[in-house]
Amino acid sequence: MTDKKTNNDTPAENGAADAKPTNKQGQASANTGKPQTSAQKEAEKKTANTTPKSAPAADKPTPAPAEKKSGSKTGAIAIALVIALGAGLYYHGHQQTQTQNAQMAALQQQLTSMKATLAASQQETLGKVEQSLHGTDVSITQQEKSIQGLQLALAEMKGRRPNDWLLAEADYLVKMAGRKLWLEHDVVSATVLLESADNRIAELNDPSLTPVRKAMNTDITALKSVARIDRDGLVLRLTSLQEQVAKLPLANAIMPEAEAVEETTVSTSVDDWKTNLMTSLQNFSDHFITYRKRDGSVIPLLSPKQDFYLQENIKSKLETAIKAVYREEGELYSKSLTMAKDWAQQFYNQDAPETQSFIKTLDQLAGEGIEASYPTRLQSQPLITDLISERLRNQVKPISTEENPA
């Protein structure tokens, strides 16, 4: 009996000794406070399940109940730790969720407040902007009016620049040259006016005006090639002839020329005594009575009244020739001088030096040419006119605005 107790006590003591380390291990694992993973939990369960409930006494004298009790304690402790850890994690997550929800609510409230503040600020800002825009529109309208006035004043100032006036003066000179050429046929004056206009444009020193100067020099060359007619000289000479008409001496009565009479002479032959006698009697009678045979009409002397009409007619023909000089009517000019010459030869004394000088001058004047070929147009005139329209007249055009469109 004693031996059994001893044997029973020994294993129990051994079991107690073995259980103590197990409890220490559990306490150590509990003291660590670290959560066990699922793999560790499954390993512990397998270990608890694989622990043999009883072993033969002959193999090893280990008490099975003590090991089972320690394994269940360890599992319970592990489960408790897992539950505590899960509860802690849940609580911690719940607290964080509540904190986040509170923060979100605070942020939502703050956002709502900011939206309300922003809407109020936006309305206030829009009101200020509209007021400012209205004031700006008024200011811009006033500035546009001021700018319009300044632009008009500036355009007037530009129109008064010396260079522009030189260009306008050149245009005026070209137009005057055209009038002198086509209305008065004064080539010299037209050439001088074109040269003056070219000098005005040269003073501008503007390369863009080169085509105008080229056309102007072409016109000058064409005018210089026109034949020069001294109209003033011709008119002065014709006027002097008009004054000389009253001094021309009239011719005497104009009679046709007498027929030529053959002179007869006495021959030395005795046989011609009858002829010689008649010739001697004829010569003797000629000393007492002379007659000549004339064939034609006799023009009598002019009366003073007729002389006055003759002078006025010749002066009228010379006046017609003067008008023909200015009109460049060559045919009328020649006919007038020819008729005046015929009347002078017919009614005035051809032996007088005055008459000879008068007729000679008429012949010289009749040979003078009074017609010339002039250019039909000036190439420079349309160019400079267009240039004036572009540079000067466009500068003073009304400025187009929304209220007053151009």
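Arginine 200 is partly exposed in this predicted model, at 24% relative accessible area. That puts arginine 200 not far past the cut-off, because a residue counts as buried only under 20%. Its side chain meets that of glutamate 169 in a salt bridge, with N and O 3.0 Å apart. The two partners come from distant parts of the chain: arginine 200 belongs to helix H5 (residues 187-204) and glutamate 169 to helix H4, with their positions 31 residues apart. Glutamate 169 is partly exposed as well, at 31% relative accessibility.

Helix H5 also takes part in another salt bridge, this time through glutamate 195, whose partner is lysine 224. Here the closest N and O atoms are 3.3 Å apart. Lysine 224 sits in helix H6 (residues 210-224), so this pair ties together parts of the chain that are 29 residues apart in sequence. As for cover, glutamate 195 has a relative accessible area of 31%, so it falls in the partly exposed class.

Further along the chain, lysine 341 and aspartate 363 bring their side chains together in a salt bridge of 2.6 Å, N to O. This one links helix H10 (residues 330-347), home of lysine 341, with helix H11 (residues 353-366), home of aspartate 363, across 22 residues. Both ends are partly exposed: lysine 341 comes in at 22% relative accessibility, and aspartate 363 at 37%. The whole structure holds 9 salt bridges, the three described here among them.

Back in helix H4 (residues 162-182) there is also aspartate 171. With a relative accessible area of 7%, aspartate 171 is buried. Leaving aside residues up to four places away in sequence, aspartate 171 touches Ile384, Thr385 and Ile388.

Aromatic rings give a short tally, with 1 aromatic pair counted. The partners are phenylalanine 308 and tyrosine 309, with ring centres 6.0 Å apart and planes at 55°, so the pair is tilted. Neither ring belongs to a buried residue: phenylalanine 308 is partly exposed at 47% relative accessibility, and tyrosine 309 is partly exposed at 45%.

Out on the surface, Trp273, Leu277, Met278 and Leu281 make up a nonpolar patch of about 470 Å². Tryptophan 273 is part of helix H8, which covers residues 273-286. Its relative accessible area of 53% makes tryptophan 273 exposed, since the exposed class takes in values over 50%.

Key. Residues are numbered from 1 along each chain as its sequence is written. This is a predicted model: local features need pLDDT of at least 70, side-chain atom pairs count only at pLDDT 80 or more; totals for chains, interfaces and linings use all residues. Side-chain values use heavy atoms; hydrogens and water are left out. Patches are made of residues with over 30% relative accessible area and no salt bridge: like charges are joined within 9 Å, nonpolar side chains (Val, Leu, Ile, Met, Phe, Trp, Tyr) within 5 Å. Accessible areas come from the Shrake-Rupley method with a 1.4 Å probe; for residues, only the protein chains shown count as cover. A salt bridge is a side-chain nitrogen of Lys or Arg within 4 Å of a carboxyl oxygen of Asp or Glu. Helices (H or I, at least four residues) and strands (E, at least two) are DSSP runs, numbered from the N terminus. Buried means under 20% relative accessible area, exposed over 50%, partly exposed in between (1.4 Å probe, protein chains only). Rings of Phe, Tyr and Trp (its six-membered ring) pair if their centres lie within 6.5 Å; planes under 30 degrees apart count as stacked, over 60 as edge-to-face and the rest as tilted. Contact means heavy atoms within 4.5 Å.
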